Structure formats: C-alpha cells, structure tokens
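Me: Could you take a close look at one helix in this protein and walk me through how it sits among its neighbours? I am new to this, so please go step by step.

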Amino acid sequence: MRNRENVTGIAARAAVWSARHRALAILGWIAFVVGVTILSGQIGTREAGSADMGHGESGRADRIVEQAGFPVRPAGEMVLVQGAGREAAVADVTRTLKARPEVDGVADALTSEDGGSTLVPFTIKGDPETAKDRVQPVLDAVAGVQARHPGLYVAEAGDASGDKLIGDALDEGLTRLSLLSIPITLGILLVAFGAVVAALLPVGLAVTAVVAAIGLLAGASRLAPTTDSTMHVMLLVGLAVGVDYCLFYIRRERDERRKGADPHRALVVAAQTSGRSIWVSGLTVIVAMAGMFFTYDATFTSFAVGTILVVSTAVLGSLTVLPALLSALGDRVDAVRIPGLHRRRTDGRVWNAVLRIVLAKPLLSAVVAVAALATLAAPMVDLRTKGEGLEDLSTNVPIVQAYTRINAAFPAETSPAEVVVQAPTVRGAVFGARLAEFKRAAAATGRLREPVEVRVNPAGTVAVVSVGLAGTGNDRTSEAALRTLRESVVPQTFGKLAGATVAVTGDTAGNVDFNERLDASMPWVFGFVLGLAFLLLLVSFRSVVVAATGVVLNLLSVAAAYGMLVWVFQYGHFESQLDFTATGGITNWMPLFLFIILFGLSMDYHVFVLSRIREGHDRGLPTREAVARGIGGTAGVITSAAVVMVAVFALFATLPLVSTKELGVGLAAAVLLDATIIRAVLLPAVMALLGERNWWLPRWLGWLPTVAHELPAAPETQEDRELVSVA
C-alpha cells in the first residue's frame with residue numbers, strides 16, 4: 001500500500017504502517033502474545049498476601065501477627081450436631097474424627113447457650129493452604145455419622161471445606177464460562193456480520209489480547225501483587241472491549257467499501273474514524289481504571305493493573321494487527337457468508353424509527369427517559385454494603401447450610417474479634433491481671449461473648465485474644481459490639497498495659513475498616529475519573545457542553561445500575577432464578593468497582609457515536625441532521641456491540657458467588673440501558689434541544705489542540721455496491 005493521502009492521527013498512521021508491513025505486524029503480534037505467555041510461565045505471578053490486604057486498625061493488627069512468628073495454624077473445621085438425645089452421635093463424631101489420618105486434633109465438644117446444639121471443633125493436618133485437597137474423606141466420614149443417626153442433624157463446615165466448596169464451585173463455573181463465552185460471542189458476531197471470517201477476527205483478537213495481558217500481569221505483579229479475582233475481571237473486560245473495538249473498526253471499513261471506496265481509502269477512513277474512537281475510548285477506559293489506585297487497596301490495585309493491561313493490549317491489537325489483517329484479507333473478510341444474514345447495509349431500522357420520534361419530540365423524549373432512569377435508580381438511596389462470606393454461596397449447598405446453623409448457634413466460633421497485644425512481654429502476672437480484667441469487662445457489656453481464648457507467640461511478645469461478637473458478624477449488632485470492644489473494653493484493659501501496642505482485627509473488624517477506607521477514597525476516585533474523563537472529551541471534541549453531557553449521561557446509567565442491584569440483591573428479587581439468598585446488602589467493593597468499570601466501558605459507545613455526529617457537523621450538517629445521521633448510521637453496530645457485552649456479562653451471573661452475580665447483572669443491565677435509553681433516546685434528545693450550543697467552547701479555551709474529524713477528500717460518489725462474493 002502506498003500512502004496516497006495526507007494521513008494524520010495515531011490510529012491512521014498505525015493502520016497505514018501495518019498495511020504496508022502486514023507480515024511484520026501479524027507475525028509481530030503472534031510473537032508478542034507467545035513471548036509474554038512463555039515469559040510469564042517462567043517468572044510466575046506474585047500473589048497478594050494477608051499483609052498486603054488490610055486497612056486501618058485491623059491491617060496493623062494483621063501485620064503484627066504476621067511478623068510475630070506464630071506457628072502456622074492448621075485449617076479449622078467444625079461438626080455440628082443438633083437434636084434431642086444427641087450424646088451418642090457426638091461420641092460417634094469424636095471417635096470417627098480421631099480415627100481419620102487427615103485429622104490433627106479434636107477439641108472438647110461445646111454446647112450452645114440454648115442447649116440445643118453441640119459443636120465438635122477439629123483441625124486438618126498439613127499446610128492450611130492445601131487442606132481443601134485433603135478434607136473430602138473427612139466430609140465423607142461425617143456424612144457416614146449422619147447416616148447412622150438419621151433422626152439428628154450432623155454436618156461439617158469450616159476453613160478447608162469452605163475453600164473446597166468455593167474452589168470447586170468457581171472452577172466449575174469458570175469452566176462453563178470459558179466454554180460458553182467464546183461460542184456465544186462468535187454466534188452474535190455471525191449474526192452481526194453474516195460472514196464467518198469477519199466474525200472470527202474480533203473473537204481471535206480479543207482472546208489473544210486477554211492471553212497477552214495475563215502474561216504481562218506476571219511482570220506487573222512484581223510491583224503490585226495480584227489477587228485471585230483479577231484474571232476473571234480481565235477476561236470479562238478483555239472480551240468486551242476487544243470484541244467491541246474490532247467490531248467498530250471492521251464495520252466501518254466494510255461500510256466504506258460498500259459505498260465504493262477502494263481498499264486503501266476504506267482502511268484509512270476506518271482508521272481515522274473508528275480507529276480514532278478506539279484510541280480515545282481506550283484512553284478513557286484506562287483513566288477510569290486508574291482511579292482504583294486511589295483506594296490504596298491491594299484488590300483494587302490488582303484490578304486496576306489487570307484491566308489497564310488488557311485494555312491497552314486490546315487497543316494495541318486493534319490499531320496494528322487488525323488493519324494488517326484487513327489489508328491482507330481485502331474483500332475476503334466477507335468470506336463464507338451465511339445465507340439470510342449477510343446484508344448490504346447495516347443501519348438499524350428499528351432504532352432509526354425510534355430516532356425519528358425522539359428528534360420530533362426531544363423535550364418529551366428527554367423527560368420520559370430521565371423519569372425511567374430515575375425510577376430505576378431510586379432504590380440506590382437505600383444501598384448498604386457488607387463483606388463477603390460463605391453465606392454468599394447458594395443456601396442449597398450442605399456446607400453453607402451447616403455454616404449458617406453454626407453461626408446461629410455459636411456466633412463466637414465463626415466470626416470472633418481478635419485483640420492483638422504487642423508488648424515487651426505478654427507473660428506473667430501483669431498481663432494476666434489485664435486479661436482477667438478484660439474478661440470481666442467483656443462479659444459486662446452484654447455484646448461480647450465467651451469463650452475468650454489466648455494465643456501467645458514463641459517470643460512471648462505478642463498475644464492474640466479472641467472474643468465473640470454479638471450478631472451474625474456482618475450485621476449492625478456485630479458492628480456495635482466491635483465499637484464497644486475498640487472504644488471501651490480494650491482501652492480500659494489492655495490499653496493500660498505499659499509499652500503495649502493494641503489493635504483489634506477479625507472478619508468484622510476487617511470489613512468495617514475496609515468500608516471506611518472505601519468511604520475515604522470515594523471522593524478522590526470519583527473526582528479523578530470524572531475530571532479526567534471530562535478533560536479527554538473536551539480535548540477530543542473541543543466542546544464543554546459535549547464533555548459535560550457525556551459525564552452526566554454516564555452517571556445516570558451508573559445510578560440506574562446501582563438501583564437495580566439494590567432491588568435485586570439487597571431486596572431479594574429473582575432469588576430462585578439467580579440462585580442466591582439476599583443478605584441485606586451489596587458486596588462492599590461492588591459499588592466503586594461498578595462505577596469505574598461502567599464509566600469506562602460506556603465511553604466505548606459514547607465516543608464512537610459522538611465521533612460520527614461530530615464528523616457530520618464538521619462537514620456542514622446542521623446539528624439535528626448530524627445527530628440523526630450519526631446515531632442512525634451507528635445503530636446497527638452499537639446494537640451488536642451491546643448484545644456482545646450483555647451476553648458476556650450475563651454469563652458471570654451464573655457463577656456461584658453472589659459478588660460475581662452482582663457483577664454480571666449490574667454490568668449487563670447497565671450496558672443494556674446505556675445502549676438503549678441513554679444512546680438511542682436521551683443523547684439525541686438532549687443534543688437536539690441544545691442545537692448549536694452543543695459545540696460551545698469558551699474563547700479562553702481556544703488554545704486546545706484541534707482534532708480533525710473530517711475525512712480525506714472522497715473519490716467521485718458511487719452508488720452503494722455489493723462486494724464481490726468470495727465464498
């Protein structure tokens with residue numbers, strides 16, 4: 001390919017270079033993906049440890065414990081026996097557990113306060129991290145006890161069995177997700193393009209971009225250790241943006257060819273329009289993801305690094321190897337056509353009909369759209385967050401049922417608070433006196449529960465005092481008990497120990513501190529994401545109004561997604577269909593994460609649509625006509641892209657954890673709203689009402705760089721033509 005035009009812009013220059021050196025571009029991409037994958041296998045990925053995860057007082061306590069040299073605690077398990085005349089069953093459980101080679105030690109049985117339940121604690125031998133691989137024979141043995149005592153309830157739950165349940169359920173769900181996501185995406189693209197080759201390109205590029213990004217994550221984990229969920233999020237985001245970027249690019253190139261453009265011009269036009277939109281959209285998504293760094297949380301930092309890598313890789317592939325492939329294939333992109341699906345034009349007839357109504361009655365359309373979004377967002381005012389736990393799995397699972405019963409009968413055993421005391425010595429009469437005073441003060445509150453247990457490190461400098469909290473561990477009662485412990489009991493007892501550092505940790509404390517950390521970082525994250533997104537849109541479109549409306553419209557879609565999450569998962573609608581039980585709150589990290597992901601992904605559509613509108617405006621069209629042509633001309637591709645995103649995200653709602661269900665439902669619902677009510681109704685209505693005011697830029701901002709939206713001079717106009725059949 002010769003450069004026969006004055007090509008400007010990063011995307012267009014990259015496309016021309018790749019087309020002229022397509023073998024190098026294609027082979028270079030393959031070498032890049034294979035190389036980083038092999039390298040990642042060699043160096044491994046660094047996982048975040050407990051010391052990387054904590055916040056506030058609980059984080060300080062966890063770090064003290066980790067550095068104190070405590071022996072590794074074996075994985076703890078519990079067998080619950082309920083029912084009248086259960087003494088024989090309890091003895092049977094004890095004998096059965098002691099006979100198992102996997103069991104390290106069996107503690108004395110505990111009786112609940114109401115006298116209706118007995119708990120037999122025990123531990124699993126070996127490394128607690130791998131105990132889940134050895135717990136199944138013990139579960140089978142306990143099931144045998146239940147079979148021998150059918151009139152009683154006998155069940156096991158604990159660290160190892162919980163890890164096994166979550167691991168097995170997640171592995172099964174992720175395997176199903178992997179098997180379904182790519183075929184479903186490919187099926188949607190086959191319908192969208194009507195040709196096998198054109199459908200395979202986006203899927204292939206998205207998958208290789210995800211693989212390459214996961215390879216790069218190994219190196220990045222040396223700076224920011226990763227968490228288990230990061231790769232799942234990368235798969236979700238990578239498939240969505242990778243497919244969308246290719247879809248935008250290929251569809252524009254195909255449309256230009258059908259309008260009579262030669263292969264060179266069609267590729268240049270696609271690069272200077274859709275390629276430029278990909279570049280701007282990718283930057284906006286990266287900016288949004290970077291907002292997670294302001295949380296100073298290991299999980300969010302890992303998510304930020306992973307998503308930035310996968311979006312950057314998808315943008316790189318879309319701007320380099322995709323033009324090379326399109327140049328090499330030429331009209332063979334439409335090879336292996338599917339009868340009945342391959343169409344000459346891709347305009348959405350339904351959306352064009354809707355658009356005519358919206359532009360005829362813009363004020364009424366805007367009012368109706370805002371009212372609909374406000375109705376969906378209304379439950380958001382009641383949003384409450386909570387930490388993750390085993391209760392977030394399906395209640396149909398026996399281990400979850402056992403854990404729920406244990407938590408109700410023995411709350412101090414499942415979610416105790418831990419008071420960490422670091423002092424020159426935690427042995428002797430002085431510490432013993434403070435411990436006795438602590439037990440008396442705890443009992444007097446009515447909110448702290450027995451038993452009070454103490455562990456001391458080998459050096460005798462750190463003690464961990466466990467005490468039960470009233471409530472379930474995740475409710476307001478437990479939070480009130482924690483406040484009493486931190487603000488009253490601990491200062492009055494261990495706080496008087498000379499030279500001591502005292503901090504409270506545990507599941508409840510960790511969740512409370514995590515929520516406080518998120519609350520403190522929320523203004524910074526929102527300000528960073530909204531501010532930089534506004535600046536990117538301002539520079540890209542040289543309009544304060546376009547940038548402001550873009551931010552506001554995206555916030556509306558996020559608010560509607562929040563409202564739907566509360567209505568479904570907090571209020572408990574569709575529990576049977578989604579296989580979950582409402583626990584009165586949304587997973588604590590979900591609102592912030594959804595805001596960042598949704599705000600970034602919605603820019604895909606927004607930038608793409610606005611670029612087509614601005615393109616028409618720069619050619620001299622009145623704003624209303626530019627809106628009609630821009631949105632009408634992109635309706636088909638926006639619909640296809642939205643269907644792909646919704647399908648991929650919806651698959652995450654089939655995973656076993658409530659948090660993954662929330663993620664899938666929230667993202668799928670928001671993208672659906674964004675591609676329909678926001679882009680097809682509210683955006684054109686608002687732009688029609690504003691008219692030429694859409695493009696207002698104050699004189700004092702005239703120094704902003706001018707980004708050309710107009711295209712190179714077109715050849716003589718030709719009628720739309722059907723591309724030569726190649727299959």
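Reply: Among the elements that cover the buried residues of helix α17 are three strands, β7 (417-422), β8 (448-456) and β9 (462-469), together with the helix α18 (476-492). Keep in mind as you look around that this is a predicted model.

Now for the helix itself. α17 runs through residues 429-445, which makes 17 residues. From the first C-alpha of α17 to the last, the helix reaches 25 Å, close to the 24 Å expected at 1.5 Å a residue.

Next, see which side chains are tucked away. In α17, the buried residues are F431, L435, F438, A441 and A442. Try looking down the axis of α17: these buried residues fall within an arc of 130 degrees, so they line one face of the helix. That is the face to picture when you think of the covering elements, which include β7, β8, β9 and α18.

Then turn the helix around. On the other side of α17 you will find A429, R440, A443 and A444, and these are exposed. Notice that alanine turns up in both groups: A441 and A442 are buried, whereas A443 and A444 are exposed.

Finally, follow the chain past the end of the helix. G446 comes after α17, and the phi of G446 is positive, near 75 degrees.

To put the picture together: α17 has one face lined by its buried residues, exposed residues on the other side, and G446 following it.

Notes:
Residues are numbered from 1 along each chain as its sequence is written. This is a predicted model: local features need pLDDT of at least 70, side-chain atom pairs count only at pLDDT 80 or more; totals for chains, interfaces and linings use all residues. Side-chain values use heavy atoms; hydrogens and water are left out. Helices (H or I, at least four residues) and strands (E, at least two) are DSSP runs, numbered from the N terminus. The expected span of a helix is 1.5 Å times one less than its number of residues. Buried means under 20% relative accessible area, exposed over 50%, partly exposed in between (1.4 Å probe, protein chains only). The arc is that of the directions from the helix axis to the C-beta atoms. Contact means heavy atoms within 4.5 Å.
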